[in-house]
Amino acid sequence: MSEPVVGVSDSGTRWLGEQEQQVWRSFVAATEMLEAHLAGQLQRDSNMPYTHYEVLVRLSEAVDYTMRMSDLAAACHASRSRLSHAVAKMEDSGWVRRTSCPTDKRGAFAILTAEGLHALERAAPGHVAAVRRHLFDVLTNEQVSALGEIGAAIVAGLERECAAAGETADEVGGGDGETGHASDDGAYRSDRSAR
């Protein structure tokens with residue numbers, strides 16, 4: 001908000017100025033519209049939720065296509081319980097399989113299957129084309145560089161708070177988060193980079 005709400009006393013709140021309000025609303029609209037468009041493209045063309053695409057990407061980049069669930073959650077900026085829920089659905093699709101950790105009974109590994117890799121290879125061209133068309137093609141080289149710096153600054157400022165929030169979510173959900181399930185994967189978040 002650019003000024004205090006009527007009836008609410010000003011207790012030192014740093015209200016947004018007019019320019020800041022415009023920038024904030026533009027940023028929110030752009031990120032929400034882009035995310036919704038990219039998610040819709042993946043679902044429509046590849047029958048794949050965006051969350052599943054990100055998991056496949058992370059596993060495809062890992063050594064032996066394998067990551068510990070806790071590391072995968074961190075890489076995807078997701079709580080462990082929500083990631084576990086998404087991976088469980090991907091197991092049903094045959095894209096990922098899980099194995100227990102031999103040195104930690106509470107730990108588990110996620111492994112990308114050949115079918116999962118093929119699904120990613122089929123989905124990636126359309127996704128990357130959509131990212132290029134709706135993000136990079138509408139920006140100048142200077143704007144792309146500035147966007148990279150802006151994104152890095154925001155991520156750096158949020159990483160600690162997001163990590164703490166993820167730990168709290170796991171505690172509320174109960175269990176260690178590597179084997180638990182969340183009620184939905186809609187709140188699963190990631191940096192959602194195009195790969």
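In this predicted model, E91 and R98 pair up in a salt bridge, with their closest N and O atoms 3.0 Å apart. Neither partner sits at an extreme of exposure: E91 counts as partly exposed, at 30% relative accessibility, and R98 is likewise partly exposed, at 23%. The background idea is simple enough: side chains of opposite charge can pair when their charged atoms come close.

How many salt bridges does the structure hold? The count comes to 3. Another one joins E54 to R58, and here the closest N and O atoms are 2.6 Å apart. This pair belongs to helix α2, which covers residues 50-61. E54 and R58 are 4 residues apart along that helix, or about one turn. Are these two charged residues buried or exposed? E54 is buried, because its relative accessibility of 0% falls under the 20% cut-off. R58 is buried too, because its relative accessible area of 13% is also under 20%. So this salt bridge links two buried residues.

The salt bridge between R44 and D45 has its closest N and O atoms 3.3 Å apart. R44 counts as exposed, since its 59% relative accessibility is over the 50% mark. D45, at 49%, counts as partly exposed because that value is not over 50%.

Next comes the inside of the model. In soluble globular proteins, nonpolar side chains tend to be buried together. The largest nonpolar core here has 31 residues, and those touching the most other members are Y53, V55, L56, L59, L72 and V96. Which elements supply at least two residues each? The list runs through α1 (18-46), α2, α3 (69-75), α4 (80-93), the strand β3 (104-112) and α5 (114-134). Of these, α5 provides the largest share of the core, with 7 residues.

V96 is worth a look of its own. Setting aside neighbours within four places in sequence, V96 is in contact with L56, L59, V87, M90, E91, A110, I111 and T113. Two of those partners, L56 and L59, are also on the list of core residues that touch the most other members. Another partner, E91, is the residue that forms the salt bridge with R98.

The loop between α2 and β1 (66-68) has a backbone quirk at D64. Although D64 is not a glycine, its phi is positive, at about 60 degrees. Y65 has its place in that loop as well, and its phi is near 55 degrees, again a positive value in a residue other than glycine. How open to the outside are they? D64 is exposed, because its relative accessible area of 65% is over 50%, whereas Y65 is partly exposed, with 34%.

Not every nonpolar side chain is tucked away, though. W24, F27, I150, I154 and L158 make a nonpolar surface patch of about 480 Å². Two helices, α1 and α6 (141-173), each supply at least two residues of this patch. Which helix gives the most to the patch? That is α6, with 3 residues. One of the patch residues, I150, lies in helix α6 and counts as partly exposed, at 47% relative accessibility.

Key:
Residues numbered from 1 in each chain as written. Predicted model: local features only at pLDDT ≥ 70, side-chain atom pairs only at ≥ 80, totals over all residues. Heavy atoms only, no water. Salt bridge = Lys/Arg side-chain N within 4 Å of Asp/Glu carboxyl O. Buried < 20%, exposed > 50% of the residue type's maximum accessible area, 1.4 Å probe, protein only. Core = buried A, V, L, I, M, F, W, Y, C linked by side-chain atoms within 4.5 Å. Contact = heavy atoms within 4.5 Å. Patch = residues over 30% accessible without salt bridge, like charges linked within 9 Å, V, L, I, M, F, W, Y side chains within 5 Å. Areas by Shrake-Rupley, 256 points an atom, 1.4 Å probe, with all protein chains shown as cover.
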